[in-house]
Amino acid sequence: MLCVMKDTWGSYSLVRTVRNKRHWQAPDRPMFVSAWNVSMRVKGRGQAMPSSGVAICADCLAVPLGENPAKVRAECACVRKASAWAVAEGKLRFKSVVRQEAAEMRKPKLRMKWGEVFTTYLENGPEDRRQRINKLRRVLEGPTGKRAEDLCIEDWTAAQVRLWAQMYQEYDRRGWTVPGAAPLDAWEQLRRVAGTLPPLDYVRMSPGNRTIQSVLGDLKSTLGNLSRGRYLLALEGRLPEIPWLSRMSLNVPAPDTRPGIEPAAYQAMWEAMPGLKETNLKAWLALRIYWVTGIRPVEQLRIREDWLEVDEEGRVLLVVRNRPALPMDQWPKLGDGSGRPDLAYEYLGKAFKLKAWRSAQVRALELPADVVAVIDQLKHPGWSIFGHQCVTHAIKLQRVVNQWIRQFVPEGAHASYLLRKNALTVRAAVEDVEAARVMAGHGDRKTTEGYYIDPKSTSRQLTDAELGPKAPARRLRMAVG
Ligand SMILES: [Zn+2]
């Protein structure tokens with residue numbers, strides 16, 4: 001069947017391809033593909049079997065199966081024509097291989113060392129360029145133990161950054177984030193145990209996690225498009241893409257370091273509350289609850305009437321704990337006489353999970369009489385204390401509340417959170433951090449401390465005297481990281 005011709009570009013043979021037996025007209029009359037196929041091997045490209053498009057003549061077709069007409073009828077016109085096509089095609093294919101190889105050779109080697117990036121960035125970068133390069137250097141050197149300048153950008157992986165974060169959490173656990181506490185060989189020690197470190201901790205809140213998040217954010221911007229087009233422009237076309245970096249996130253819980261409420265704004269809010277009670281009772285209630293209980297916005301959204309309990313002394317407590325889903329038969333029924341549960345209540349009937357649900361912190365937060373009186377006025381029997389019919393109403397109310405707060409604290413993105421921080425700060429000031437921790441429902445003290453700039457606490461309500469703008473506790477700095 002084969003008739004191999006060798007040339008500088010490779011080799012080929014003409015093939016009379018037998019068709020599947022199903023297509024044969026009779027068992028002893030084989031059928032062939034009508035044109036010569038060319039089995040060719042082009043140097044640098046491997047094997048292929050294109051059709052030459054040259055028809056196999058009747059005489060060549062008549063050569064019995066098992067004999068190669070290209071060999072036994074080498075001088076036939078059809079064989080010569082197909083051969084000529086094969087040689088021309090082979091040469092053409094080889095030429096494109098040579099061209100491609102040459103292009104590869106001309107292309108600069110895309111292996112760039114970090115040193116070159118550092119140099120360029122330090123020459124052209126923004127004001128904080130040195131800090132940014134140092135952060136990058138820490139992330140590159142921590143897991144590898146090698147000088148960052150000598151490492152290649154192409155070798156950098158998301159796994160390395162994750163390992164760095166793991167190592168940094170361990171660094172933090174060992175108390176080395178305290179200035180002067182880290183031994184000189186801290187990272188060397190960490191590298192020795194790198195393989196046995198616990199996985200990234202996504203549960204425990206820690207100030208060290210703030211560092212992890214901010215370093216990752218900085219890496220993204222230092223190496224992102226804006227920076228490439230501005231500070232690293234000199235490396236254009238050569239600086240490799242790092243596609244995984246922009247997609248990477250490390251959502252390790254970090255304390256909130258946003259500033260709290262300024263005293264003047266606080267005073268203004270305080271004074272505006274009685275007016276709000278006249279115009280929007282639900283908004284007033286929501287704000288008042290934030291204020292005295294420090295409850296989370298996501299929790300307030302879910303408060304059902306059955307979260308309220310009365311203790312032996314007749315105090316009304318708002319009890320926040322993990323709660324199972326309500327069985328459907330306990331949902332309010334549609335008013336159409338069908339007795340079917342009202343689906344509008346689904347969100348309130350769903351299971352409720354605390355943010356730190358594993359620690360199952362139960363908080364019994366006392367509600368003042370004025371709050372209880374308004375709840376009695378608004379609540380839907382057995383359901384939301386605000387009398388909400390569905391989650392849309394609950395969310396709408398939160399929006400109104402946030403807008404109200406923003407009149408006083410315009411830059412607060414999570415406006416209602418400010419009141420939570422405020423309540424926790426005041427509680428820590430009038431009692432202590434432990435009391436604030438219990439009130440907050442935090443799993444551990446460090447989390448709560450993360451809310452205070454100056455950490456110096458049964459859950460009871462904060463009194464109006466304590467919360468008021470003139471109260472001694474207000475002289476403490478408001479909640480900051
Ligand atoms: Zn022929």
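Helix axes are lines fitted to C-alpha atoms over the stretch in contact, and the angles between them run from 0 to 180 degrees between N-to-C directions. On this basis, in the predicted model examined here, helix 12 (residues 281-293) packs against helix 16 (residues 391-406) at an angle of about 75 degrees, and the two axes are 9 Å apart. Angles of 65 to 115 degrees count as roughly perpendicular; helix 12 and helix 16 are therefore roughly perpendicular to each other. The helix 12 side of this contact consists of K282, A283, A286 and L287, which meet L397, V400, V401 and W404 in helix 16. By class, seven of the residues in the contact are nonpolar and one is charged, while no polar residue takes part.

The setting of this helix pair is a chain of 481 residues, of which 27% count as buried. Its secondary structure comprises 20 helices and eight strands.

The largest nonpolar core contains 44 residues, and within this core L285, A286 and L287 touch the most other members. Two or more residues each are contributed by helix 11 (263-279), helix 12, strand 7 (316-320), helix 15 (369-378), helix 16, helix 17 (415-430) and helix 18 (433-440). The greatest contribution is that of helix 12, which gives nine residues. A second core lies apart from the largest one; it has 22 residues, among them V139, A165, V215 and V252. In soluble globular proteins, nonpolar side chains tend to be buried together.

L287 appears both in the contact with helix 16 and among the residues of the largest core that touch the most other members. When neighbours within four places in sequence are left aside, L287 is in contact with M273, V401 and L419. Of these partners, V401 belongs to the helix 16 side of the helix contact.

Strand 7, one of the elements that give two or more residues to the largest core, is also part of a sheet. Three strands form this open sheet in the order 6-7-8, with antiparallel pairing. Strand 6 (308-310) and strand 8 (363-366) each have a single partner strand and stand at the edges, so one side of each is left without a neighbour in the sheet. On average, and with direction ignored, neighbouring strands of the sheet are turned by 35 degrees against each other. The antiparallel pairing of strand 6 with strand 7 extends over three bridges, and V310 stands opposite V316 in strand 7.

Note on methods:
Residues numbered from 1 in each chain as written. Predicted model: local features only at pLDDT ≥ 70, side-chain atom pairs only at ≥ 80, totals over all residues. Helix = DSSP H or I, 4+ residues; strand = E, 2+ residues; numbered from the N terminus. Parallel < 35°, antiparallel > 145°, perpendicular 65-115°, else oblique. Contact = placed C-beta atoms within 7 Å. Nonpolar A, V, L, I, M, F, W, Y, C, P; charged D, E, K, R; others polar. Buried ≥ 20, exposed ≤ 12 C-beta atoms within 10 Å, placed from the backbone. Core = buried A, V, L, I, M, F, W, Y, C linked by C-beta atoms within 7 Å. Pairing = 2+ DSSP bridges.
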